[in-house]
Amino acid sequence: MGRSRYQVLGTQPHFLTCTIVNWIPLFSQVEIAQIILDSLKFLHQRQRLTLHAYVIMENHLHLIASAATLSKEICNFKSFTARSIIDLLKKDNNNYILNQLEFYKLKHKHDQEYQLWQEGFHPEAILNEAMFRQKLDYIHNNPVKRGYVDEPAHWRYSSYRNYMGEEGLLEVAMLGEAEPLLMHSQAQPGNEG
């Protein structure tokens, strides 16, 4: 049995959350946020991950993404970004943060000195257009709700501008009018309950 109640369902879009251990606000550093952006851009351009929406907050990020092997790609993303961020912290002699990443490392992780990401990414399958709109609004309004900006367009680390027809920091494959959602909202045979 899996360790999580969250499961990836096929190749349809999923709402995902990735969080830094102990909610350390690493992404408030521009260089570190850029590592996240560059990695997402790489995966999207190589068609390993289709990015539909995103927001990068100070200590976590939310995505709506799809992939043939979503769990594998998110695992690769987290592994690569953790190594890159830890290397940057070492280069900058940021021992304060490194000590925290060592302290909050889970005890069973004997093969590594630091832990950057909390385990898991909590995938929630987007089952219909209403759920997509709700998750998209949640992502784009997260910085407003946290009190960082007054308008979603003022937060540069988000796909909000893309959905408003403007250029964002990352290219996204928008869902909605241009690309209909292909969701599994009907009951599957044998799942009548």
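## A ring that peeks out

Let's start with one side chain: Tyr-138 has 34% relative accessibility, so it counts as partly exposed. Keep in mind that this is a predicted model. Which ring does Tyr-138 pair with, and at what angle do the planes stand? To get there, begin with the full search, which turns up five aromatic pairs in the whole structure. In one of them, the ring centres of Phe-15 and Tyr-138 are 6.0 Å apart and the planes stand at 80°, so this pair is edge-to-face. Any angle over 60 degrees earns that label.

Phe-15 belongs to strand S1 while Tyr-138 belongs to helix H4 (residues 129-145), so the pair ties together parts that lie 123 residues apart in sequence. Is Phe-15 buried or exposed? With 5% relative accessibility, Phe-15 counts as buried. There's a charge here too: Lys-135 lies over the face of Phe-15, 4.5 Å from the ring centre.

## Another pair, and a cluster

Now take Phe-77 and Trp-117. Their ring centres are 6.1 Å apart and their planes make 40°, so this pair is tilted. Phe-77 sits in helix H2, and Trp-117 sits in the loop between helix H3 (95-103) and S4, so the pair ties together parts 40 residues apart in sequence.

Both Phe-77 and Trp-117 are buried. Add Phe-27 to these two and you have one aromatic cluster. Elsewhere, Arg-156 lies over the face of Tyr-157, at 5.2 Å from the ring centre.

## The sheet

Time for the backbone. Strands of a sheet pair through backbone hydrogen bonds, in either a parallel or an antiparallel way. Here, four strands make an open sheet in the order S2-S3-S1-S4, with antiparallel pairing. Why do S2 and S4 each have a side without a neighbour? Strand S2 (50-56) and strand S4 (124-125) are at the edges with a single partner strand each, so one side of each has no neighbour in the sheet.

S2 pairs with strand S3 (residues 60-66) over six bridges, in the antiparallel sense. If you want a spot to look at, find Tyr-54, which stands opposite Leu-63 in S3.

## Helices against the sheet

Helix H1 (residues 30-45) packs on the sheet and touches S2 and S3, with its direction at about 170° to that of S2. Helix H2 (residues 70-91) lies across strand S1 (14-19) and S3, and runs at about 25° to S1. You've met both of these partners already: S1 holds Phe-15, and H2 holds Phe-77.

Terms used. Residues are numbered from 1 along each chain as its sequence is written. This is a predicted model: local features need pLDDT of at least 70, side-chain atom pairs count only at pLDDT 80 or more; totals for chains, interfaces and linings use all residues. Side-chain values use heavy atoms; hydrogens and water are left out. Two strands pair if DSSP finds at least two bridges between them. Helices (H or I, at least four residues) and strands (E, at least two) are DSSP runs, numbered from the N terminus. Contact means heavy atoms within 4.5 Å. Axes are lines fitted to C-alpha atoms, for helices over the stretch in contact, and angles run from 0 to 180 degrees between N-to-C directions. Rings of Phe, Tyr and Trp (its six-membered ring) pair if their centres lie within 6.5 Å; planes under 30 degrees apart count as stacked, over 60 as edge-to-face and the rest as tilted. Buried means under 20% relative accessible area, exposed over 50%, partly exposed in between (1.4 Å probe, protein chains only). A charge sits over a ring if NZ of Lys or CZ of Arg is within 6 Å of the ring centre and within 35 degrees of the ring normal.
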